Amino acid sequence: MEKVYVTGIGIISAIGNNTDANHHSLLNAQSGIGKAKYFNSKYTSSLNFGEVDLSNDDLKRITNSSHQKGLSRTTLLAYSAFQQAIDHAKLDPAELSSFRTGFISSSTVGGMCNTDELYADANLKEEPSEFVRSYGGGEHTLRLIEKYGIKGFTSTINTACSSSANAIMLGARLIKSGRLDRVIVGGADSLAKYTVNGFNSLMILSENPCKPFDIHRDGLTLGEGAGYLVLEGESTCKNKMKLAEVLGYGNANDAHHPSATSDEAHGPRMAMERALASCKLPSDSIDYVNAHGTGTPNNDSTEMFAFHKTFGAIPPFNSTKSYTGHTLAASGAVEAIHSIISLCNMELYPSLNCAEPISDYNASPIREFKKLNNMKIVMSNSFGFGGSCTSLIFSKV
Amino acid sequence: MYITDLKAISSQLTYKEEFLKGELVAYDDKVYNVIEPDYIEFIPKGLLRRMGKAVRMGVGTGLPLVKENNDIDAIIMGTANGGLEDCIKFLNQIVEYDEGVLTPTNFVQSTPNAVAGQLALMGQCKGYNTTYTNGGLAFENALLDGLLLFQQGACSKILLGGIEEISDYNYNIDSLVNKYKETAVKNSELIDATTPGTVCGEGACMFIMERNPKNYYAKIEDVGQITYPNKEDLAYCMDEMLKRNKLNRSDIDTVMLGLNGDINHNDWYTHVSEDLLPEANTLSFKNLIGDYRTCTSFAVWLAAHLLKGNTEFIETIQIRKSHSKKISRILIYNHFDAVRHGFILLSA
Amino acid sequence: MSQSREELKLELKKHIVEYLNLLEIKPEDIKDDVPLFGPELELDSIDSVEMIVLLDREYEIKITNPTEGRKILVDVNTIVDYILENKK
């Protein structure tokens, strides 16, 4: 079966508008979480967010889309990261429009970030707004397909927080099956009243920047962003620069509760075990884990329990959500990209805001920057509402 | 990939399958609502009370299949919009209470992967689980994922389905972009309508798919799709799918078309049935259930029964009968808004 | 006019059935001293948050976290006591 390589990445998040800027922030332990500047909600004065430091007009400018109407912030973020990824992989228009090039995206918010217009349109309050065609989860996918003339398999996934991790997994499987030569995979989500109020109604938002794996953690911080990876089969990218190999992946359902993980962490454990089994690796071959690490009491304790059961000795791990906040559907791709940045540079970045780590398992998150010169294999976890748990494994090329 | 069991909630009498004996429900409306079973008879009250319509329909069709098959190792769903009723209830709360203290159930139930998550929980199925929300190709995406899982030897039994509900949300928003007829249409006259727009439908269809069963309804051979194609791209996409399966156009004895009564979009269907497959039996399906983004799940339900030999209802959907041909290979062709186009190939 | 304790109990039970969408349960069926989160009603953590919303919307009582909520939301009697103590 064809090996699958990552030949390009594109990212926009609270810690930078491109890969280099994200790397710079990780290297300098610089969080992007703070008070929102552009997002409009009752909660912007009381809560912190991982907001991308660009207004919608800025995003339109940098993506050359100022002339287009009805583009949601989710779509604008997706445009930015997608363009970066295909530029990085040096894909030309013929390759993009090949029937053997696919595109799999994901979003939870989609165009619902335009909450006020959505309310008006859905309740037929006024004339249709400019966003009337943009609300669906798959609409940003359509905008990208149309913009780049993509003719191969396309899809949009929504499994909540594991969405773009599942997009990466499906993309790799499509290449290995021989149906596609290459596929752009990832996701995008923007801050929205819908999700802010949704998570707030479940009482799982922290008033302070999230503290993943800290004993005083009390909830998550919402973020936004987009991340795309270009995956290509070995025979397609022979002479290209390869950032990493997609070595393994695993998905499982926790089957316990719509919005909480089981104490036994069945879903997370099985996802990690299946990922390891898919590439026939023992657990001690993992050099670093980018944890799901949302900073909620439930996730972090169950995830650590899952680490304890999966690994003999828990490898170095962090949560980059302590930098970006929880970017929801985009988090799988954003954090896969952070893991690949870690891997390519052989660097381990500290998990922020963890003054007093959970001490149950003789392991704590990475506390300070470290070089790891023999870093070869990394794992990235994403566990979502509805029990969907996905674990990805990347290796150095 | 073989269909070994199936269940449908639709605007026809499909749940207990009276429809298969030719019992047809007539509609004269712009909206064709489903005929629902009495859920309280088999869904625990404590769970049912929280469920919006999409989740009720999904669980109503999925749960009986889960109970009959305790060895399901994957659950794959396609739903473009998830739990819209809950979505708008939560949205209305946000506006009406000015982002104050809000009830979480609507939010949790509105997420598109709520059905897949609920079925996993009720069946204690910890296997692969995913949900596609890709508009008019969400169900086709789910089918392809299933085919890949079997091809990769990753499982032996999958619960796979398509769900969509009507709520004020999608109806109002789709109306604003002129998706629907301005006046009521009899379903017997829908396919031949000469006005723009279609009628709004909803439904849930679930299938048990297996790798190598002894008995089955139909085989899902392959799936093809393309977005924003021109007519040449569409033909290429269809031919590539056939080539992949070592077939020619002449091997398709029956084509089931997603004609929905919208005069502006008929030309695609005319192209497929007259130009590409002129010899095939031609069937419709949307005159039974209206149009919605995952309605090809209903087309698959119909096709599976036809391939099994249950053909009593065929007069209700026959558009063109070609001489002599027995139904042994069906190609479903559908598009949504002429943007997303999909092919599903089934055989007996 | 202030409500009697009995009137308040019945009103609360009606709200509970409505907010939690309890099926085939009439307000009168909920006994005053039956634990809400016990085996009879089988309520869970999402219901406790819904109850907090109920108290806020119907009685202007603000409970800021679920832990505090658990102490108050034991049964109909404890909730009615709390409402009578705290209602504006």
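**Exercise 1. Two domains of chain A**

The centres of domain 1 and domain 2 of chain A, taken over C-alpha atoms, are 21 Å apart. The model is predicted. Find where the two domains lie in the sequence and describe the side of domain 1 of chain A that touches domain 2 of chain A.

Solution.
Step 1. Place the domains: in chain A, domain 1 covers 4-233 and domain 2 covers 246-395.
Step 2. Count the residues in the contact: domain 1 of chain A gives 65 and domain 2 of chain A gives 53.
Step 3. List elements of chain A that give two or more residues to the domain 1 side; among them are strand E1 (4-12), helix H1 (19-27), helix H7 (163-176) and strand E5 (182-189). The largest share of this side, seven residues, comes from H7(A).
Step 4. Sort the residues of the domain 1 side by class: 32 are nonpolar, 27 polar and six charged.

**Exercise 2. A helix of chain A and its surroundings**

Take helix H8 (residues 193-201) of chain A and decide how many of its residues are buried. Then find what the buried residues of H8(A) pack against.

Solution.
Step 1. Go through the helix residue by residue. Lys193(A), Tyr194(A), Thr195(A), Val196(A), Asn197(A), Gly198(A), Phe199(A), Asn200(A) and Ser201(A) are buried.
Step 2. Compare with the length of the helix. Nine of the nine residues of H8(A) are buried, so the helix is largely enclosed by the rest of the structure.
Step 3. Look for the packing partners. In chain A they are helix H5 (115-122) and strand E6 (222-223). In chain B they are H3 and H4, and in chain C helix H2 (45-59).
Step 4. Check what follows the helix: Met203(A) comes after H8(A) and has a positive phi, near 55 degrees.

**Exercise 3. Chain B against its partners**

How many residues of chain B are in contact with chain A, and how many of chain A with chain B? Treat the contact between chain C and chain B in the same manner.

Solution.
Step 1. Count for chains B and A: 52 residues of chain B are in contact with 55 residues of chain A.
Step 2. Identify elements of chain B that give two or more residues to this side, including helix H3 (84-96), helix H6 (138-151), strand E8 (218-227) and helix H8 (231-244).
Step 3. Sort the residues on the chain B side: 26 are nonpolar, 19 polar and seven charged.
Step 4. Turn to chain C, where twelve residues are in contact with twelve residues of chain B. H2(C) supplies the largest share of the chain C side, five residues. That side has seven nonpolar residues, one polar and four charged.

**Exercise 4. Two helix pairs**

Packed helices are described by the angle between their axes and the distance between the axes. Apply this to H3(B) with H7(B), and to helix H1 (residues 5-19) with helix H4 (residues 76-86) of chain C.

Solution.
Step 1. Read off the pair in chain B: H3(B) and H7(B) pack at about 85 degrees, with their axes 7 Å apart.
Step 2. Classify the angle. Angles of 65 to 115 degrees count as roughly perpendicular, and H3(B) and H7(B) are therefore roughly perpendicular to each other.
Step 3. Name the residues that meet: Leu84(B), Cys87(B) and Ile88(B) in H3(B), and Asp168(B), Tyr169(B) and Asn170(B) in H7(B). By class, this contact has four nonpolar residues, one polar and one charged.
Step 4. Repeat for chain C. The axes of H1(C) and H4(C) come within 10 Å and cross at roughly 115 degrees, which makes these two helices roughly perpendicular. Their crossing is right-handed.
Step 5. Name the residues again. From H1(C), Arg5(C), Leu8(C), Lys9(C), Leu12(C) and Lys13(C) meet Val76(C), Ile79(C), Val80(C) and Ile83(C) of H4(C). The contact of H1(C) with H4(C) has six nonpolar residues, no polar and three charged.

**Exercise 5. Two single residues**

Is Leu6(B) buried or exposed? Assign Asp29(C) to a class too.

Solution.
Step 1. Locate Leu6(B): this residue lies in strand E1 (residues 2-9) of chain B.
Step 2. Apply the cut-off. A residue is buried if 20 or more other C-beta atoms lie within 10 Å of its own. Leu6(B) has 24 and is therefore buried.
Step 3. Look for contacts of Leu6(B) beyond four places in sequence: Met206(B), Phe207(B), Tyr217(B), Trp301(B) and Ala304(B). The C-alpha atoms of Leu6(B) and Leu65(B) are 7.5 Å apart, although 59 residues separate them along the chain.
Step 4. Locate Asp29(C), in the loop between H1 and H2 of chain C. Asp29(C) has 13 C-beta neighbours inside 10 Å and counts as partly exposed.

Conventions: Residues numbered from 1 in each chain as written. Chains lettered and ligands numbered in written order. Predicted model: local features only at pLDDT ≥ 70, side-chain atom pairs only at ≥ 80, totals over all residues. Contact = placed C-beta atoms within 7 Å. Helix = DSSP H or I, 4+ residues; strand = E, 2+ residues; numbered from the N terminus. Nonpolar A, V, L, I, M, F, W, Y, C, P; charged D, E, K, R; others polar. Buried ≥ 20, exposed ≤ 12 C-beta atoms within 10 Å, placed from the backbone. Axes fitted to C-alpha atoms, helices over the stretch in contact; angles between N-to-C directions. Parallel < 35°, antiparallel > 145°, perpendicular 65-115°, else oblique. Domains from an automatic or database assignment. Left-handed = near helix turned anticlockwise from the far one by under 90°.
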